[in-house]
Amino acid sequence: MPPRQPFGQAWRIILLGAPGVGKGTQADLLGERLGCCHLSTGDVFRAAKGCGGSHISPAMQAAVNYMHRGELVPDRTVLNLVEERLRCLKCSGGFLLDGFPRTVAQAEAVEKLLAPQPLNLTVVLNYELPVEKIVTRISGRRICADCKRVYHVQTQPPKIAGCCDACRGKLFQRDDDQPECVQVRLAAYEHSTRPLIDFYTQRGLLINISAEGSPEEIYKRTRLLALTR
Ligand code: AP5
């Protein structure tokens, strides 16, 4: 059953939370059930990386290098990328922003991008999980090289080890899921992204949601706390 929607309004949702908390997993469930446009800046950078060499601009190559080290990509590069995809923010079915905004400057830019249109954010979902569980989720993540489906070696294993259930593609571990990169990403989150919790609390948009339990349990919790008003 689809969640109740504010009358005449599409869902315009930002997903916040530390790296590996499960934002992408929830975005897939929410996108499927709410029919929103899903924009993940991390997926865009990874797709650019997949194109390789001469096919990507110098700015995008620089962004891929930041990502490889686990550092945040500079705001200007991220905002250029989002401005190129402005149709996602204007989508009549609403949007789910996953991994963006990630700094206060990016959040202020979102407000400016939305201001000329009669489009307000519906809610900001802040997923919370203790850091040791986050590290377990990240270290066990595997991704299909072909269809990009996400697995976890313990909690969501494929039927055949190393092989995608959906397309038989080979599973791999993201470069930035290596332990030294994970520490850099967690530090970037604490320094640059955690301040968005206050930013959106002050605007009355933030809802904290525990990311404990299975993806379906978290989805149901999200629906109860944030989608049925
Ligand atoms: P991005 O791709 O956004 O990575 P992230 O925020 O670090 O988030 P992750 O994709 O690692 O995790 P997730 O929360 O989506 O978890 P998932 O659902 O996969 O960004 C990557 C990089 O790009 C950044 O480091 C930066 O360099 C750059 N970048 C991107 N956007 C940027 C921006 N706006 N500004 C600047 N730089 C930017 O789940 C993780 C694992 O756990 C999976 O294996 C999954 O199967 C498993 N799992 C999920 N849910 C559960 C559950 N409930 N129980 C058990 N296991 C679960």
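Two residues are said to be in contact when they have heavy atoms within 4.5 Å of each other, and this is the sense in which packing between elements is described below. The structure is a predicted model, and its chain holds ten helices and eight strands. With 229 residues, a compact globule would be expected to have a radius of gyration near 17 Å, and the chain agrees with that because its own value is 17 Å.

**Overall form and surface**

- Taken along the principal axes, the box that the C-alpha atoms of the chain fill comes to roughly 45 × 40 × 30 Å.
- Of the 229 residues in the chain, 46% are buried, while the area that the chain exposes is about 11,700 Å², with 54% of it supplied by carbon and sulfur atoms.
- When contacts between residues at least 6 apart in sequence are considered, 69% of them join residues at least 24 apart.
- The charged side chains comprise 30 positive and 23 negative ones, and the centres of these two sets lie 5 Å apart.

**Helices α4 and α6**

- Helix α4, which spans residues 75–84, has T77, V78, L79, L81 and V82 among its residues, and these five are buried.
- The buried residues of α4 pack against four helices, namely α2 (41–51), α3 (58–69), α5 (86–90) and α6 (104–114).
- In α6, the buried residues are Q106, A107, A109, V110, L113 and L114; seen down the axis of α6, they fall within an arc of 160°, so they line one face of the helix.
- An α-helix has 3.6 residues a turn, so residues three or four places apart point the same way.
- The buried residues of α6 pack against α4 and α5, and also against the strand β3 (95–98) and the helix α9 (195–202).

**Backbone features in the loops**

- The peptide bond that joins F100 and P101 is cis, with omega at about -5°, and P101 is found in the loop between β3 and α6.
- K148, a residue other than glycine, has a positive phi, near 70°; K148 belongs to the loop between β5 (141–144) and β6 (150–152), and K148 is exposed, with a relative accessible area of 51%.
- R168, likewise a residue other than glycine, has a positive phi near 70°; R168 is found in the loop between β6 and β7 (171–172), and R168 counts as exposed because its relative accessible area is 55%, where the cut-off for exposed is over 50%.

Definitions and conventions:
Residues are numbered from 1 along each chain as its sequence is written. This is a predicted model: local features need pLDDT of at least 70, side-chain atom pairs count only at pLDDT 80 or more; totals for chains, interfaces and linings use all residues. Side-chain values use heavy atoms; hydrogens and water are left out. Helices (H or I, at least four residues) and strands (E, at least two) are DSSP runs, numbered from the N terminus. The radius of gyration is taken over C-alpha atoms; the globule rule is 2.2 Å times the number of residues to the power 0.38. Buried means under 20% relative accessible area, exposed over 50%, partly exposed in between (1.4 Å probe, protein chains only). Accessible areas come from the Shrake-Rupley method with a 1.4 Å probe; for residues, only the protein chains shown count as cover. Lys and Arg count as positive and Asp and Glu as negative; His and the chain ends are not counted. The place of a charge is taken as NZ of Lys, CZ of Arg, CG of Asp or CD of Glu. The arc is that of the directions from the helix axis to the C-beta atoms.
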